[in-house]
Amino acid sequence: MALEILCVCVAILLLLYYYATADFDYWKSRGVKGPKPIPWFGTIASHLLSKICMGSYLRKIYEEYPDEAMVGVFFRGQPKLVIRDPELIKHVLIKDFTAFPERDVRVHEKAEPLSVHLFRIDGARWRPLRTRLSPVFTSGKLKDMFHLLLECGEHLERHLHEIVPKDDIIECRELTSKYTIDVIGSCAFGIEMNALNQKESDFQKLGVRIFKVTPKTLIRNLFRDVTPWLYDQFGNILDDREVTNIMTTMVMNTINYRKQNNVHRQDIIDMLKDFKDHPDRLDLDQVPDTYVAAQLFVFFAAGYETSSTTMSNVMYELAQNLVVQEKVRNNIKEVLDNNDGVISYNSVNEMTYLEQVIKETLRKYPPVMFLTRNTQQNYTFEGTKVNIDKDVKVYIPIFGIHYDPNIYPNPDVFDPERFNDENMRKRNPMHYLPFGTGPRNCIGMRFAGYQTKVGLIKVLLNFEINVCEKTQIPHIISRNHPLMFQTEHGIYVKLTKLF
């Protein structure tokens with residue numbers, strides 16, 4: 001009996017080993033170089049053991065194979081492809097978009113009702129949704145919304161004068177996240193959030209909750225990655241139902257209020273209201289409340305995280321680079337002097353050095369550290385003999401590209417001149433991808449840009465930014481977040497009033 005049990009156990013282990021290693025010759029058979037995989041871990045043991053985040057892992061792969069156009073890796077037993085060559089990247093993101101219309105993030109409607117949003121949604125449902133949402137982010141709409149951004153900027157200015165007596169240490173992420181919540185509340189919900197004047201607003205708690213990595217989220221992510229089919233059925237037990245309920249209730253209450261009171265603002269809420277009234281425009285029979293809430297959820301989540309992180313990192317870098325800080329402040333003042341002191345949509349567009357500072361910050365600290373695409377058909381890369389099967393995922397290592405010394409000499413140095421007109425003309429567009437590119441680029445990147453600029457203008461016109469004893473140099477990158485650039489510490493600077 002004992003021998004039979006032992007034989008069964010050995011057979012099970014052999015089957016598991018075979019399952020874990022069955023595809024380990026996938027890249028070798030295609031002539032694609034890459035690190036040697038190990039059973040159950042593939043090539044990402046350092047990530048699975050929480051030694052580095054996925055973005056840092058992909059940067060490491062990028063740097064270890066400098067002469068390769070592509071590198072084959074394995075996530076546990078699954079073959080994945082890391083693309084380094086800019087022309088191949090261009091094919092994936094733009095030229096051959098029909099073969100790569102989806103990200104490597106599945107929608108789990110039952111397990112995660114708020115996952116049915118523009119960032120995650122499959123290719124077939126993505127196009128009509130993107131088409132309907134795009135008009136909200138046109139130049140004309142942004143210009144119409146600019147006065148709301150400016151009001152939030154003025155609230156930020158008043159708040160800083162209240163909390164900073166003469167000079168004081170502040171934690172940038174807390175400050176900028178409150179500012180971005182006020183902006184999103186005003187521009188998306190038509191609600192004055194007043195987050196800056198609250199110690200911890202409900203929306204700030206919601207934003208922290210969405211991005212906080214806990215043991216529960218790690219278990220959920222593992223469950224989702226290893227057995228997605230099982231997660232579809234039972235993953236709802238790990239979903240944060242409170243976030244789903246809060247977001248759905250808030251969105252539907254706002255929509256119903258506007259319907260009852262005949263309120264029209266031509267903003268995101270109005271567009272979502274139109275989805276409910278005309279589901280045929282999305283090629284749907286009906287639009288569930290959670291589908292509507294999911295679109296505003298991703299706008300809130302992305303705006304909260306990316307803009308606040310970018311503003312914080314700009315302040316962090318300017319505190320260490322006082323010459324750059326003075327130059328960008330002078331650029332702002334010069335433009336305003338030529339525009340009667342008025343901060344307007346057009347005058348902000350004239351602040352070219354401010355734009356360069358933000359772009360260099362996004363190079364060093366890209367909000368999303370890598371891009372993913374899921375192959376929808378068997379595909380052969382142009383100019384190569386390398387073919388991949390349908391459903392093989394490809395990765396574009398933004399964090400690695402942005403720190404390539406052959407593209408950006410002395411990449412650890414903060415140098416906004418990398419983004420003057422001359423240098424940008426010399427550089428391949430695929431070598432700068434903080435918001436992605438092609439049809440599935442970030443729909444809100446221009447909105448995020450104006451939001452960030454208005455906030456920074458208000459800070460720089462009123463305060464000098466310096467390092468302090470609590471400033472962590474260099475950043476320590478969080479090892480747990482799978483996609484976003486996050487630090488394991490706060491971002492502290494000292495603000496000193498200029499007058």
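This is a short walk through one predicted model, going from a small sheet to some buried residues, ring pairs and a helix contact.

Okay, let's start with the sheet. There's an open one of 3 strands, and the order is β3-β9-β8, with antiparallel pairing. Which strands stand at the edges? That's β3, residues 167–171, and β8, residues 463–466; each has a single partner strand, so one side of each is left without a neighbour in the sheet. From one strand to the next, the twist averages 30°.

If you zoom in on β3 and β9, residues 492–497, you'll find them paired in the antiparallel sense over 5 bridges. To get your bearings there, look for Ile169, which stands opposite Lys494 in β9. Then there's a helix to add: α7, residues 172–189, lies across β3 and β9 and runs at about 75° to β3.

Staying with this sheet, let's go over to β8 and pick out Phe463, which sits in that strand. Is Phe463 buried or exposed? Its relative accessible area is 0%, so Phe463 is buried. And what does Phe463 touch, once you ignore residues up to four places away in sequence? The list has Leu160, His161 and Val164, then Gln325 and Arg329, and finally Leu495, Thr496, Lys497 and Leu498. There's also a long-range relation here: Phe463 and Glu157 are 306 residues apart along the chain, yet their C-alpha atoms are separated by 9.9 Å.

Keep Glu157 in mind, since it turns up again with a lysine. Lys458 lies in helix α19, residues 445–462. With a relative accessible area of 8%, under the 20% cut-off, Lys458 is buried. Leaving aside neighbours within four places in sequence, Lys458 is in contact with Glu154 and Glu157, and also with Leu150, Gly153 and Ile343.

Right, on to the aromatics. How many aromatic pairs does a search of the whole structure find? The search turns up 18. Let me show you two. For Phe100 and Tyr379, the ring centres are 4.8 Å apart and the planes sit at 80°, so this pair is edge-to-face. Where are these two in the chain? Phe100 is in the loop between α4 (86–95) and α5 (123–133), while Tyr379 is in strand β5, residues 379–380. They're 279 residues apart, so to speak as a link, the pair joins distant parts of the chain. Phe100 counts as buried at 0% relative accessibility, and Tyr379 counts as buried too, at 8%.

Now the other pair, Tyr316 and Tyr365. Here the centres are 6.4 Å apart and the planes are at 75°, so this one is edge-to-face as well. Tyr316 lies in helix α13, residues 289–320, and Tyr365 in the loop between α16 and β4 (371–374), so the pair ties together parts that are 49 residues apart in sequence. Tyr316 is buried, at a relative accessible area of 3%, and Tyr365 counts as buried at 7%. And these two have company: ring pairs link Tyr316, Tyr365, Phe399, Tyr403 and Phe485 into a cluster.

Next, two helices with buried residues. Helix α3 covers residues 54–64, and Met54, Gly55, Ser56, Tyr57, Leu58, Ile61 and Tyr62 are buried in it. What covers them? The cover includes the helices α2 (45–48) and α17 (398–401), along with strands β1 (70–75), β2 (78–83) and β7 (393–396).

In helix α4, have a look at Leu88. Leu88 is buried, with a relative accessible area of 5%. Setting aside neighbours within four places in sequence, Leu88 is in contact with Ala69, Met70, Ile83, Phe381 and Glu382. Glu382 is 294 residues from Leu88 in sequence, but C-alpha to C-alpha they're 7.6 Å apart.

Last stop, a helix packing. Helices α14 (residues 322–337) and α16 (residues 352–364) pack at an angle of about 140°, with their axes 7 Å apart. Over 145° would count as roughly antiparallel, and α14 and α16 are therefore oblique to each other. On the α14 side you've got Val324, Lys327, Val328 and Asn331, and they meet Thr352, Tyr353, Leu354 and Val357 in α16. By residue type, that contact divides into 5 nonpolar, 2 polar and 1 charged.

Note on methods:
Residues numbered from 1 in each chain as written. Predicted model: local features only at pLDDT ≥ 70, side-chain atom pairs only at ≥ 80, totals over all residues. Heavy atoms only, no water. Axes fitted to C-alpha atoms, helices over the stretch in contact; angles between N-to-C directions. Helix = DSSP H or I, 4+ residues; strand = E, 2+ residues; numbered from the N terminus. Parallel < 35°, antiparallel > 145°, perpendicular 65-115°, else oblique. Contact = heavy atoms within 4.5 Å. Nonpolar A, V, L, I, M, F, W, Y, C, P; charged D, E, K, R; others polar. Pairing = 2+ DSSP bridges. Buried < 20%, exposed > 50% of the residue type's maximum accessible area, 1.4 Å probe, protein only. Phe/Tyr/Trp six-rings, centres within 6.5 Å; stacked < 30°, edge-to-face > 60°.
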